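Here are some notes on the model, in the order in which I went through it. They take the contact between the protein chains, then each DNA strand.

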Number of protein chains: 2
Amino acid sequence: MKEERKPKYYVLMDNLRKDIERGIIQPGDKIESENQLAEKYKMSRHTVRKALSILESEGYIVAEHGRGTFCKERDMSIKSTKNVAVVTTYISDYIFPRLIQGMYQTLDEEGYSVIIKNTGNSPKLEGKILQELIDKNIDGLIIEPSKSEIYSENVELYKKLDEYRIPYVFIHATYPQLEDKPHIVMDDIGGAKILTQHLIDLGHKRIAGVFKADDNQGAERHRGYIEGLTSNGMTYDPNIVALFHTEDKDYKPVAEVLKWVKSGEKIDGIVCYNDQIAYEIAAALRNEGIRIPEDVSLTGFDNLAMPWMNDLRITTIAHPREHFGEKAARLLIEKINHVSDADSKIARVVESKLIVGNSCADRRG
Amino acid sequence: MKEERKPKYYVLMDNLRKDIERGIIQPGDKIESENQLAEKYKMSRHTVRKALSILESEGYIVAEHGRGTFCKERDMSIKSTKNVAVVTTYISDYIFPRLIQGMYQTLDEEGYSVIIKNTGNSPKLEGKILQELIDKNIDGLIIEPSKSEIYSENVELYKKLDEYRIPYVFIHATYPQLEDKPHIVMDDIGGAKILTQHLIDLGHKRIAGVFKADDNQGAERHRGYIEGLTSNGMTYDPNIVALFHTEDKDYKPVAEVLKWVKSGEKIDGIVCYNDQIAYEIAAALRNEGIRIPEDVSLTGFDNLAMPWMNDLRITTIAHPREHFGEKAARLLIEKINHVSDADSKIARVVESKLIVGNSCADRRG
DNA sequence: ATTGTATACATGTACGTACAAGTGCTATAA
DNA sequence: TTATAGCACTTGTACGTACATGTATACAAT
């Protein structure tokens with residue numbers, strides 16, 4: 001007396017589909033004939049035909065007149081668009097063109113087209129882009145988190161990506177909630193530690209820090225800076241550490257440093273968030289008559305070349321740019337091809353390499 | 001006794017589909033009921049249902065239980081992928097990141113995703129990319145021709161784009177066979193003429209030229225240089241004009257200029273294909289002890305900033321970069337939306353603007 | 001050995017009937 | 001006035017029959 005509310009044809013259709021999806025019926029296999037199925041399921045041939053016609057329109061089977069009905073070769077090309085997206089905070093500035101170039105080359109070799117997107121470091125825009133990309137049915141995604149130190153408001157969207165089996169790879173940082181997802185990052189803690197150690201080795205006594213507060217990289221560089229100080233027995237002084245956000249980035253770092261200097265702080269070195277900030281600070285300090293590196297040493301990140309200041313080369317941590325992009329692309333391709341296992345933690349950390357410029361003075365004498 | 005080989009249900013299906021496609025049945029309209037159609041076409045209701053079920057699976061109609069069957073809102077998103085491609089010779093170098101940025105911003109605003117591709121200035125690769133993009137069913141294409149002065153081997157592919165109604169916009173140059181297609185170019189003839197005139201006005205007597213021979217821009221700049229000379233009564237001397245190809249670009253321009261200088265040519269100014277070439281020549285000449293601009297003046301194109309030579313600013317013709325990209329994107333969007341008429345000649349030329357640097361000496365004294 | 005043909009069996013088309021179930025309107029009862 | 005029961009009409013499910021047409025094969029005729 002079981003009350004089956006499903007129509008008869010639906011039951012047959014569902015059984016067959018499940019058999020195909022579970023591999024019990026293999027591609028190329030012949031399905032039992034309509035009359036056989038009708039007898040087996042105790043329904044009319046007409047009802048069997050209804051079930052089969054649905055499966056045929058969905059692409060599971062093909063009927064061949066006079067021969068029988070066969071399970072179709074699973075056509076993955078319908079699902080695979082061979083498009084992948086690269087979502088970065090910026091496109092045309094800084095290291096990004098060459099980062100994207102590295103990804104492009106690798107992905108292109110593997111036959112993927114690259115859709116570029118930029119978030120301008122806005123989580124809201126990131127959300128909009130993710131939704132759009134999910135609708136576009138891409139094969140995979142390389143994404144640089146926006147404001148990664150802030151808990152992501154887009155976790156549901158990343159879950160959706162998981163649901164739809166769209167693999168993604170984080171670069172430069174991850175979100176605190178998504179640390180177990182595949183990502184490729186620089187060893188930012190190690191990098192900042194190396195730079196701090198470098199300044200200490202050169203005899204610096206009072207080393208300031210300027211870090212970004214709303215992304216993971218900034219937080220880690222901050223941590224590395226602290227570790228560098230404390231492991232040498234120096235005390236961490238929050239009064240000479242400036243933290244800025246994306247919105248402040250054009251004035252706050254410089255303003256804070258100038259404030260210290262004008263208030264008489266005896267800073268002899270600054271570990272900066274990146275080379276761009278370092279060059280800006282250099283320009284501002286020189287403007288105040290402070291010599292770099294004779295009075296204040298500067299370090300940065302990303303070995304950036306500056307067009308308008310070629311006598312100063314900031315001592316920095318190398319960013320491998322194209323190679324970094326290539327690494328990310330390779331990891332994504334592995335995920336697309338299911339080479340690496342399902343959802344295991346796949347983090348690849350690029351070790352930090354010091355590049356010595358002429359922005360740090362030797363104060364041991 | 002007409003022999004109709006088409007099944008009855010097929011006739012009904014075909015009629016309805018054509019009515020929908022021709023707009024006789026509008027989206028939202030109610031289709032006659034199954035019984036009405038059966039009577040009208042003198043077939044059983046069962047046969048009518050077969051016809052309707054096919055149309056439903058194809059997305060033309062929707063049946064609503066108890067209410068009727070309705071013509072579906074035409075789902076254009078099936079055809080429109082909202083993807084457009086930007087195909088340039090390079091991606092990460094020179095002016096291209098900012099050019100692409102300009103296109104990206106405009107296309108993004110209009111809801112299009114941007115697929116980037118680069119040809120490395122190889123017509124063969126361009127062909128491969130075009131074929132791939134046609135298969136990908138993109139909505140439109142912005143393309144910088146590769147070796148545009150050589151007749152394109154890919155004309156059939158551009159014809160295919162026309163067939164499939166995929167609009168495309170050329171930037172920087174067109175192919176000789178495709179000059180009537182929409183394109184956005186710099187006024188290269190005018191630009192070279194302005195630069196030549198500038199040197200003449202400053203009292204230069206023997207002005208050399210270094211141009212690319214395998215792209216349209218190079219050929220036009222070459223022409224503008226000639227016009228600039230002859231319109232001032234000066235003679236064009238092929239002995240002090242170097243033409244190079246993409247493959248030669250890294251050594252030939254510099255080598256030719258050095259050959260002239262070493263053979264005792266009394267050159268006092270050079271109109272260069274672009275700033276990159278100009279800076280390379282500047283570095284090579286300085287290496288030989290020749291002063292810029294005191295001994296030789298240099299001009300270029302594209303107002304490029306050079307990281308490693310900040311005391312020299314080449315006098316150049318401005319390239320609007322983002323604005324140029326934006327213009328191209330707007331033209332493409334017009335073509336996609338059929339705002340501008342079918343295949344009319346839509347060429348937009350960006351006028352040349354001189355930017356005076358410090359690479360040209362005043363020799364009037 | 002090749003060709004043709006009969007046959008069995010597959011799917012395809014087309015007719016019929018009956019009843020289930022959702023929708024929208026109207027006439028009727030509370 | 002409001003709720004609802006009934007009715008007409010819609011699509012949805014399900015059964016039945018019949019014959020058309022394509023495919024593969026066994027077997028006979030050439």
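1. A polar contact here is a pair of N or O atoms within 3.5 Å; inside the protein, one atom must be able to donate a hydrogen and the other to accept it, and residues adjacent in sequence count only if both atoms belong to side chains. On that basis, 15 residue pairs are in polar contact between chain A and chain B, with both residues at pLDDT 80 or more. The model is a predicted one, and every value below is to be read in that light.

2. On the side of chain A that touches chain B, the elements giving two or more residues are α3, α5 (96–109), β5 (113–118) and α6 (123–136) of chain A. That side of chain A comprises 13 nonpolar, 9 polar and 6 charged residues.

3. The contact draws on 28 residues of chain A and 26 residues of chain B. The size of an interface is often given as the accessible area lost when the parts come together. Between chain A and chain B the buried area is about 2300 Å², and carbon and sulfur atoms give 50% of it.

4. Chain A and chain B are also joined by 2 salt bridges. One of them links the side chains of Lys117(A) and Asp108(B), at 3.6 Å from N to O.

5. Strands take part in the contact between the chains as well. β5(A) pairs with β5 (residues 113–118) of chain B in the antiparallel sense, over 3 bridges. In this pairing, Val114(A) stands opposite Ile116(B) of β5(B).

6. Which residues come closest to DNA strand D? Of the 23 that surround DNA strand D, the closest are Lys8(A), Tyr9(A), Thr47(A), His65(A) and Arg45(B). Of the atoms of DNA strand D that come within 4 Å of the protein, 71% belong to sugar and phosphate.

7. Several phosphate contacts of DNA strand D can be listed individually. An N or O atom in the side chain of Lys50(A) is 3.3 Å from a phosphate oxygen of DNA strand D. From chain B, Ser33(B) has a polar side-chain atom 3.5 Å from a phosphate oxygen of this strand, while Glu34(B) places a backbone N or O atom 3.1 Å from a phosphate oxygen. The elements that give two or more residues to the surface near DNA strand D are α1 (8–21) and α3 (45–57) of chain A, with α3 (45–57), β2 (61–64) and β3 (68–71) of chain B. The most comes from α3(A), with 4 residues. By class, this surface has 4 nonpolar, 10 polar and 9 charged residues.

8. For DNA strand C, 23 residues lie around the strand, and the nearest are Glu34(A), Arg45(A), Lys8(B), Tyr9(B) and Thr47(B). Sugar and phosphate make up 71% of the atoms of DNA strand C within 4 Å of the protein.

9. A base contact appears here: an N or O atom in the side chain of Arg45(A) is 2.8 Å from a base nitrogen of DNA strand C. Phosphate oxygens of DNA strand C lie 3.0 Å from a backbone N or O atom of Ser44(B) and 3.2 Å from a polar side-chain atom of Lys50(B). Two or more residues of the surface near DNA strand C come from each of α3, β2 (61–64) and β3 (68–71) of chain A, and α1 (8–21) and α3 of chain B. α3(B) gives the most, with 4 residues.

Definitions and conventions
Residues are numbered from 1 along each chain as its sequence is written. Chains are lettered from A and ligands numbered from 1 in the order in which they are written. This is a predicted model: local features need pLDDT of at least 70, side-chain atom pairs count only at pLDDT 80 or more; totals for chains, interfaces and linings use all residues. Side-chain values use heavy atoms; hydrogens and water are left out. A residue is near a molecule or strand if one of its heavy atoms lies within 4 Å of it. Ala, Val, Leu, Ile, Met, Phe, Trp, Tyr, Cys and Pro count as nonpolar, Asp, Glu, Lys and Arg as charged, and the others, Gly among them, as polar. Contact means heavy atoms within 4.5 Å. Buried area is the accessible area (1.4 Å probe) that two parts lose on being put together, summed over both. A salt bridge is a side-chain nitrogen of Lys or Arg within 4 Å of a carboxyl oxygen of Asp or Glu. Two strands pair if DSSP finds at least two bridges between them.
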